[in-house]
Amino acid sequence: MTNTSIAPAGPDELGWTLDRHILERQRRIPGASGDFTGLFQCLALAGRVIGSKVSKAGLADVLGATGAVNIQGETVQKLDDMANRTLIRCVEAGGHVCVMASEENDDIIPIPPGYPHGKYVLMFDPLDGSSNIDVNISIGTIFSIHRRVTESGPGTEEDCLQPGHKQVAAGYVIYGSSTMLVYTTGDGVHGFTLDPMIGEFFLSHENLRIPKTAPMYSINEGNHSKWPLGVKKWIDTLKSNDAPGGRPYGQRYVGTLVADFHRTLLRGGVFAYPGDSSSPEGKLRLLYEAAPMAFIAEAAGGSATTGKKRILEIEPTGLHQRVPLFIGSKDDVALADSFLAEEG
Ligand code: FDP
């Protein structure tokens, strides 16, 4: 006898879409309003739109600079600008957030009049790795979500200046050989790969864990002469010949944080952007780069520090604050920290 009953299309047949993954988790939280799910749908839409533009970068007139300079004193690329506007447009009308902040905007981004203010705060680096845009190397979008601390109405800078351990979620989209969205709410890190034919993200990397250690380091060695002594000694150690100690380590550096971090998440090792004599606080921004990546690293079993302090414990003092960053496998970050501690 044939069984004519139709089984519901489960994840085995369809695969887990990002939407379904978030929805299933929402159902486990009693009283969840669906706001978080709604916000994620907006972010996934923005990721798909930006990914599509990035993949056509050489064909459409989107390469090159806009002629503007951002708050960081960097030249704004046309794709930076497009990605920033796309994220704002995708999120501002949803009613899920009360305020946004972007690496590309000097001040907080208010919700336009007429739209509701939600309970979340969204901060993002719309297109990380700008200097790699024109040479067809992986770039990405980074996002960080907090719950608002102000009571109601339009959100303020106070809502944005929260330490990283208070994030409710963080993630990134990498526009590489495929487009992937990786996110965490603090309890497991999950990766979804975009099927470009269907236009949907499907779960491809469940519960990612960073290896405890791996023989790989990632740093811009061109800054060697400007590094503090502790960083010089640490890198010299990683490069030294010590087969029983697993050295020398291999070196990989893309120059796009999202890409260097993504490799570190999957393969292990350590990525570092230390402070140096010309930029004592390093180059990377706390709110848009270091804190969200640190939240992901810790949720995957890794760690992230300034070399002296856990990134997630830093109380932000400004929207565009920079911090030194050492991130990746727990043992490898601890080794870096030990060299910086010795330096005093
Ligand atoms: P970019 O300047 O190309 O936007 O913070 C931005 C960033 O890239 C990171 O993505 C990357 O890790 C770092 O700067 C690269 O800096 P260097 O060019 O100084 O190595």
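Q: Why is F326 called buried?
A: In this predicted model, F326 has a relative accessible area of 1%, and the word buried is used for values under 20%, so F326 meets the condition. W234 is treated in the same way, because its relative accessible area is 1%, and W234 is therefore buried too.

Q: How many aromatic pairs does the structure hold, and what makes the pair of F36 and Y120 edge-to-face?
A: The structure holds eight aromatic pairs. In the case of F36 and Y120, the ring centres are 6.0 Å apart, and since the limit for a pair is 6.5 Å, the two rings count as a pair. Their planes stand at 65 degrees, and because an angle over 60 degrees is called edge-to-face, that is the name this pair receives.

Q: Why can the pair be said to tie together parts that are apart in sequence?
A: F36 belongs to helix α3, residues 35–55, while Y120 belongs to strand β5, so the pair ties together parts that are 84 residues apart in sequence.

Q: Are F36 and Y120 buried or exposed?
A: F36 has a relative accessible area of 18% and Y120 one of 5%; as the limit for buried is under 20%, both residues are buried.

Q: What makes the pair of W234 and F326 edge-to-face, and which parts of the chain does this pair link?
A: The ring centres of W234 and F326 are 5.6 Å apart, with the planes at 65 degrees, and because the required angle is over 60 degrees, the pair is edge-to-face. The pair links distant parts of the chain, with W234 in helix α6 (residues 229–239) and F326 in strand β15 (residues 325–328), 92 residues apart.

Q: Which residues form one aromatic cluster?
A: The cluster is formed by F36, F40, Y120, F143, Y183 and F192.

Q: How do you know that C90 and C160 are too far from the closest cysteine sulfur for a bond?
A: A disulfide needs two cysteine sulfur atoms within 2.5 Å. For C90 the closest cysteine sulfur, in C42, is 7.0 Å away, and for C160 the closest, in C98, is 7.6 Å away, so in each case the distance is too far for a bond. The count of disulfides comes to zero. Both cysteines are buried, C90 with a relative accessible area of 17% and C160 with 0%.

Q: Why is I137 called partly exposed?
A: The relative accessible area of I137 is 36%, and because partly exposed covers the range between 20% and 50%, the term applies to I137. I137 sits in the loop between β5 (120–128) and β6 (139–147), and together with V135 and V254 it makes a nonpolar surface patch of about 210 Å².

Q: How do you know that strand β7 is mostly covered, and which strands pair with it?
A: In β7, residues 167–175, nine of the nine residues are buried, each of them therefore being under 20% relative accessible area. β7 is joined to β6 by eight bridges in an antiparallel arrangement, where I142 stands opposite Y172. β7 also pairs with β8 (residues 179–184) over six bridges, again in the antiparallel sense, with V173 opposite L181. Three residues lie between β7 and β8, and the two strands form a hairpin.

Methods: Residues numbered from 1 in each chain as written. Predicted model: local features only at pLDDT ≥ 70, side-chain atom pairs only at ≥ 80, totals over all residues. Heavy atoms only, no water. Buried < 20%, exposed > 50% of the residue type's maximum accessible area, 1.4 Å probe, protein only. Patch = residues over 30% accessible without salt bridge, like charges linked within 9 Å, V, L, I, M, F, W, Y side chains within 5 Å. Areas by Shrake-Rupley, 256 points an atom, 1.4 Å probe, with all protein chains shown as cover. Salt bridge = Lys/Arg side-chain N within 4 Å of Asp/Glu carboxyl O. Helix = DSSP H or I, 4+ residues; strand = E, 2+ residues; numbered from the N terminus. Pairing = 2+ DSSP bridges. Phe/Tyr/Trp six-rings, centres within 6.5 Å; stacked < 30°, edge-to-face > 60°.
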